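Colleague: I'm new to this one, so could you walk me through it? I'll ask, you reason it out.

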Amino acid sequence: MESTLEKIQFRLNQSREKIKLASIFLEKKKYCDSVLASYRAIFYAIRVFLVDKDIDSDDPDRIIEIFEKYLQSTLFGNTTIIEIARRSKEIKDFAVNSNGQIQYEQAEVMLNNATTILHEVERYYSH
């Protein structure tokens with residue numbers, strides 16, 4: 001059985017890997033793929049907070065809902081992460097339904113959002 005620390009490291013590594021993948025997709029002008037990889041990075045980073053809780057999900061959209069409902073006010077004094085996650089979900093939903101109409105700027109915003117959230121989660125766990 002994995003320890004809590006091992007589970008946290010596993011999720012953080014998943015997030016880092018998706019950020020790298022999103023960056024590669026961005027360079028290769030595969031903007032929709034970059035958006036989706038960034039969204040997965042956000043999903044894994046936020047999921048770190050659920051490691052020691054009895055609530056979890058494999059559904060990225062559900063994870064954001066869980067975070068918003070149960071964890072936002074107890075972990076952070078502001079809503080930066082949840083606001084970024086909400087905006088990112090909107091971009092991801094647009095990407096899924098846009099038939100490849102995602103632009104570089106949108107993919108770049110998503111990559112920045114994923115990086116910001118990962119850094120916030122890492123900072124929280126480094127204390």
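Colleague: Let's start with A45. Which helix does A45 lie in?

Modeller: Keep in mind that this is a predicted model. Follow the chain to the helix that runs over residues 31-47, and you'll find A45 there. That helix is α2.

Colleague: Is A45 buried or exposed?

Modeller: The cut-off to use is under 20% relative accessible area for buried. A45 has a relative accessible area of 0%, so A45 counts as buried.

Colleague: Leaving aside neighbours within four places in sequence, what is A45 in contact with? And how far is A45 from A114 in space, C-alpha to C-alpha?

Modeller: Setting those neighbours aside, the contacts of A45 are S15, I117, L118 and V121. As for A114, a gap of 69 residues separates the pair in sequence. Their C-alpha atoms, though, are 8.3 Å apart.

Colleague: Okay, stepping back a bit. What pattern does the protein follow along the sequence?

Modeller: The secondary structure adds up to five helices and zero strands. Read along the sequence, that gives α-α-α-α-α.

Colleague: And what share of the residues count as buried?

Modeller: The protein has 127 residues. Its exposed surface is about 7,300 Å², with carbon and sulfur atoms supplying 47% of that. The share of residues that count as buried is 42%.

Colleague: Which element gives the largest share of the largest nonpolar core?

Modeller: In soluble globular proteins, nonpolar side chains tend to be buried together. Here the largest nonpolar core has 37 residues, and V35, I42, I46, I117 and V121 have the most contacts inside it. Two or more residues each come from α1, α2, α3, α4 and α5. The largest share, 10 residues, is from α2.

Colleague: V35 is on that list, so which residues is V35 in contact with, apart from neighbours within four places in sequence?

Modeller: You can sort them by where they sit along the chain. I91, K92 and A95 are among them, and those three belong to the α4 side of the contact with α2. The others for V35 are I102, Q106, A107 and M110.

Colleague: How do α2 and α4 pack, and at what angle?

Modeller: α2 passes α4 in a left-handed crossing. Their axes are 10 Å apart, and the angle is about 145°.

Colleague: What kinds of residues make up the contact of α2 with α4?

Modeller: From α2 come C32, V35, L36, Y39, I42 and I46, and they meet α4 residues including I81, A85, S88 and K89. Sorted by type, the contact has 11 nonpolar residues, one polar and two charged.

Colleague: K92 is in α4 too. Is K92 buried or exposed?

Modeller: Lysine or not, go by the number. Outside its own stretch of sequence, K92 is in contact with V35, L36, Y39 and D61. The relative accessible area of K92 is 11%, which means K92 is buried.

Colleague: What about α4 and α5: at what angle do their axes cross?

Modeller: This is another left-handed crossing, with α4 passing α5. On the α4 side the residues include I84, I91 and F94, and they meet α5 residues including V109, M110 and I117. By type there are eight nonpolar, four polar and one charged. The axes come within 10 Å and cross at roughly 150°.

Colleague: Now E68 in α3. How does E68 count, going by relative accessibility?

Modeller: Between under 20% for buried and over 50% for exposed lies the partly exposed range. Leaving out sequence neighbours within four places, E68 is in contact with I82 and R86. At 31% relative accessibility, E68 therefore counts as partly exposed.

Colleague: Last one. What is the phi of K29?

Modeller: K29 lies in the loop between α1 and α2. At 63% relative accessibility, K29 counts as exposed. K29 is not a glycine, yet its phi is positive, at about 65°.

Technical notes. Residues are numbered from 1 along each chain as its sequence is written. This is a predicted model: local features need pLDDT of at least 70, side-chain atom pairs count only at pLDDT 80 or more; totals for chains, interfaces and linings use all residues. Side-chain values use heavy atoms; hydrogens and water are left out. A nonpolar core is a set of buried Ala, Val, Leu, Ile, Met, Phe, Trp, Tyr and Cys residues joined through side-chain atoms within 4.5 Å. Buried means under 20% relative accessible area, exposed over 50%, partly exposed in between (1.4 Å probe, protein chains only). Helices (H or I, at least four residues) and strands (E, at least two) are DSSP runs, numbered from the N terminus. Contact means heavy atoms within 4.5 Å. Axes are lines fitted to C-alpha atoms, for helices over the stretch in contact, and angles run from 0 to 180 degrees between N-to-C directions. A crossing is left-handed if the near helix is turned anticlockwise from the far one by less than a right angle, and right-handed if clockwise. Ala, Val, Leu, Ile, Met, Phe, Trp, Tyr, Cys and Pro count as nonpolar, Asp, Glu, Lys and Arg as charged, and the others, Gly among them, as polar. Accessible areas come from the Shrake-Rupley method with a 1.4 Å probe; for residues, only the protein chains shown count as cover.
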